[in-house]
Amino acid sequence: MSSQIAVLGAGYVGLTTAACLAHLEHSVVCADINAERVGRLSEGDVPILEQGLDELVAEGLQSGMLRFTTDVPAAVADAEFVYLAVPTPQGLDGSADLSYIEAAARQISPHLRSEAVVINKSTVPVGSTNVVGQVLGRGDVFVVSNPEFLREGSAVNDFLHPDRVVIGCDDQGAAIRVASLYMGLTAPIMVTDPASAELIKYASNAFLASKVSFVNAIAAVCEGVGADVNDVVLGMGYDKRIGHEFLRPGPGWGGSCFVGAETVLVRRGDHVRLMRYDELFAEVERVGLAGFEALSWQSGDPTPEFMPVAALTSRPYVGDVVDVHTEMGRRITVTADHPFVCGDGIDADEVSVKVASDLSEVDWLPVAQHAPLPSAEAGPADVERILAAFSDDGLRPGRDAYGKRLPDDVWRLGDEHKQAVLRALWDGDGSWSRVDRSASAVLEYETVSRELADGMVRLLGDLGVVARLTVGQTAMSTVDMYRLTISGADQVADACWLLPQEEQARIRAHSLRFTERNAPNGYRRLSKNAAWVRVAAAERRHFEGTVYSLEVPVTHTVVATHGLVVHNCFPKDTRALVHIAEEGGYDFDLLRGVIAVNEEQFVRVVDKVLEQAGGSVEGLPIAVWGITFKARTDDTRDSPAVAIMRRLASRGARIRAYDPAIHGPVPELPEVEVADDPYAACEGAQVLVVLTEWDQFRWLDFDKVAELMAERRVVDTRNVLDRQGLHRRGFAYAAIGRN
């Protein structure tokens, strides 16, 4: 029986859903706000590479069972069923942005017919069905969860020949109505509650990711003991409890970032350093990641703590970054999708996550306060050496005043000795002045060194003092000056130890003349371990350069520049289940391990390329076959191929890549040249790297490939090439889990 259906969203999920439902002889209208896309689709021009989708769209248009529109209210007015297939971008901690789905529900609510069924098709967190119902505010319509299980490259087949259809609804009648839409399919239909339906999607994807990470770990073992991973997984797969699906080793499953000048406090052993991200990345490249910890923060903990770093990566980036400014002068620059810890400035327990591009003046950001106890506190001799450095212009100086920074040992000092260091600094370049008609005085310090200002702001924060940071040029200077200002009657009284005894007495005498106690604007102390500062602006701008991602899997946060607490940078879907588990009170360590293994796989693949290239790819031409995240799709989002090429490019490789589905430059890879065919990619190359499992790569003319390459070296991360045939042609061949 044909039903009237509206699908909101003509993206990957929405378009596939609309075309397949029309193929099942339902009358479908697909609505999208992108007029250009709707125009193309109305002409049968499908902008997505997906096997069989072109034919289904053409079939639906010709039969009249499928049409496209930008008029959302008209699309839903006569619909018995309305599918929501709009974006639900996720913060990199796994929390979802439901603003699009809420906006869609709000828009359609007045236009829905009575007894209509609204179906969540987007990937949404547990509880979203209830959220949509609340936004709709209609007691005469139903909301159902119907998660999609579509694999890119085989989405049409997955929809028409599914393993199962999952329907989550508290109303059995509505669930049966939705089930009737799929009666033409031969698949089990499972009806459950909405929360279970929503979780099934995440749990399935996380389990598949676990299988991929597991087989990649087994591949590493195979290389160590001389086994062949292909034979190992074949033997495993014959066990019906395990199966063959997703037991293929590869470069990993793919996934926001800091610009290189932002800073993080890191510890390795007893050595604590305040480092820029580009400095830290260079150090990790030199000595490896093992043992590195980053200062991290959790709401409710007594102090920030050093936590293990699971991954640190870099990549070339062309796109928007956001300069986040706060009223207390803390500022940081990140990619537009980078997640932040946010509060309301009232309740320290009301913590949420927002991406940088969505921050506004209503948001408050935590600034970590009070350092953790040092694991090995510096002794009196260290303090004397640090203080002596001030007198001979030390401060672990750069070549001039602009490069001055606090010495590393300062982070191992106790509070009393930190006060002594700051007092010595203030004695050299600090000052204080009274505030007219107020109990307060103002303490000020100026420097031309960004690094020194960052260190001093953090050091003051360790002692519970929130200094305002102002950046600008004076009438007499041509460079930025960094001014630290401590204000507010109570805070100045707490920071009087910065000044000589006689000046402390003068400030206290001034303060006693007034009964009113003023406080600085722009920050609030809501808990012992953090001050909260209000966002003043979040300004987008274009950026071209290298950006850096850091992963702290235990807490998902890092204390960044000026003490601002910022979330990790990581891909969304498997992380989403970690976040959901945390929300439910469960610490999903097993899945965190899966994520860490995946990050390690990227490093192992790059190491294989470096080994084939003789230890370095600096300036070397490298050929790559495969850009998309999997074969039979043109999607490069979260592609491991993209992640690995970024790492190689950051090491100076000159990459020429080919992919059957990619024509023209790839925005995520501005430094990579895209070749017209696989042979052109190989001309003059020192190493060929296979990163996507396109079948056609197996059947190319490898005699021709051998003639074109400068050196016969292959890294086959998908194990798709004929190893024996390559050996016969004199190729050095490296794969995943095969010797």
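**Exercise 1. Cysteines**

Is Cys-682 buried or exposed? Classify Cys-496 as well, and state how many disulfides the structure holds.

*Solution.* The model is a predicted one.
- Step 1. The relative accessible area of Cys-682 is 0%. A residue counts as buried when this value is under 20%, so Cys-682 is buried.
- Step 2. Cys-496 has a relative accessibility of 2% and is likewise classed as buried.
- Step 3. A disulfide requires two cysteine sulfur atoms within 2.5 Å. A search of the whole structure for such pairs gives zero disulfides.

**Exercise 2. The overall composition**

Describe the protein in terms of its secondary structure, its buried residues and its accessible surface.

*Solution.*
- Step 1. The secondary structure consists of 22 helices and 32 strands.
- Step 2. Of the 739 residues in the protein, 56% are buried.
- Step 3. The accessible surface amounts to about 31,000 Å², and carbon and sulfur atoms account for 49% of this surface.

**Exercise 3. The salt bridge of Arg-651**

Determine which parts of the chain are tied together by the pair Arg-651 and Glu-285, and how accessible Arg-651 and Glu-285 are.

*Solution.*
- Step 1. Side chains of opposite charge can pair when their charged atoms come close.
- Step 2. The criterion for a salt bridge is a side-chain nitrogen of Lys or Arg within 4 Å of a carboxyl oxygen of Asp or Glu. Arg-651 and Glu-285 form a salt bridge with an N to O distance of 2.6 Å.
- Step 3. Arg-651 belongs to the loop between α19 (640–650) and β28 (654–658), whereas Glu-285 belongs to helix α11 (residues 277–287); the pair therefore ties together parts that are 366 residues apart in sequence.
- Step 4. Arg-651 is partly exposed, at 26% relative accessibility. Glu-285 is also partly exposed, with a relative accessible area of 33%.

**Exercise 4. Two further pairs and a network**

Locate the salt bridge partners Arg-541 and Asp-323, then Glu-673 and Arg-656, and name the residues linked in a network of salt bridges.

*Solution.*
- Step 1. In the salt bridge between Arg-541 and Asp-323, the closest N and O atoms are 2.6 Å apart. This pair links distant parts of the chain, with Arg-541 in strand β24 (residues 530–551) and Asp-323 in strand β14 (residues 311–326), 218 residues apart.
- Step 2. Arg-541 is partly exposed at 36% relative accessibility, while Asp-323 is buried at 13%.
- Step 3. Glu-673 and Arg-656 meet through their side chains in a salt bridge at 3.5 Å, N to O. Glu-673 is in strand β29 (residues 673–674) and Arg-656 in strand β28, so this pair ties together parts that are 17 residues apart in sequence.
- Step 4. Both partners are partly exposed: Glu-673 at 46% relative accessibility and Arg-656 at 23%.
- Step 5. A network of salt bridges links Arg-273, Glu-283 and Arg-286. The total count for the structure is 19 salt bridges.

**Exercise 5. A buried lysine**

Identify the surroundings of Lys-608 and the backbone oxygen that lies 3.0 Å from a polar atom of its side chain.

*Solution.*
- Step 1. Lys-608 is part of helix α18 (residues 589–612).
- Step 2. The relative accessible area of Lys-608 is 12%, so this residue is buried.
- Step 3. Apart from residues up to four places away in sequence, Lys-608 touches Glu-223, Val-715, Ala-735 and Ile-736.
- Step 4. The backbone oxygen in question belongs to Ala-735.

**Exercise 6. A loop leucine**

Place Leu-700 in the chain and list its contacts.

*Solution.*
- Step 1. Leu-700 lies in the loop between β30 (687–690) and α21 (702–708).
- Step 2. With a relative accessible area of 17%, Leu-700 is buried.
- Step 3. Its contacts, excluding neighbours within four places in sequence, are Trp-625, Pro-678 and Tyr-679. The C-alpha atoms of Leu-700 and Pro-678 are separated by 8.5 Å, and these residues are 22 residues apart along the chain.

**Exercise 7. A helix end and a surface patch**

Which residue caps the N-terminal end of helix α2, and which residues form a nonpolar patch on the surface with Ile-189?

*Solution.*
- Step 1. Asn-34 caps helix α2 (residues 35–42), with a side-chain oxygen 3.1 Å from the backbone nitrogen of Glu-36. After α2 comes Gly-44, which has a positive phi near 85 degrees.
- Step 2. Met-183 and Val-191 form the patch with Ile-189, and together the three have about 260 Å² of accessible area.
- Step 3. Ile-189 lies in strand β8 (residues 189–192) and is partly exposed, with a relative accessible area of 33%.

Key:
Residues numbered from 1 in each chain as written. Predicted model: local features only at pLDDT ≥ 70, side-chain atom pairs only at ≥ 80, totals over all residues. Heavy atoms only, no water. Patch = residues over 30% accessible without salt bridge, like charges linked within 9 Å, V, L, I, M, F, W, Y side chains within 5 Å. Areas by Shrake-Rupley, 256 points an atom, 1.4 Å probe, with all protein chains shown as cover. Helix = DSSP H or I, 4+ residues; strand = E, 2+ residues; numbered from the N terminus. Buried < 20%, exposed > 50% of the residue type's maximum accessible area, 1.4 Å probe, protein only. Polar contact = N/O pair within 3.5 Å; in protein donor to acceptor, adjacent residues only side chain to side chain. Contact = heavy atoms within 4.5 Å.
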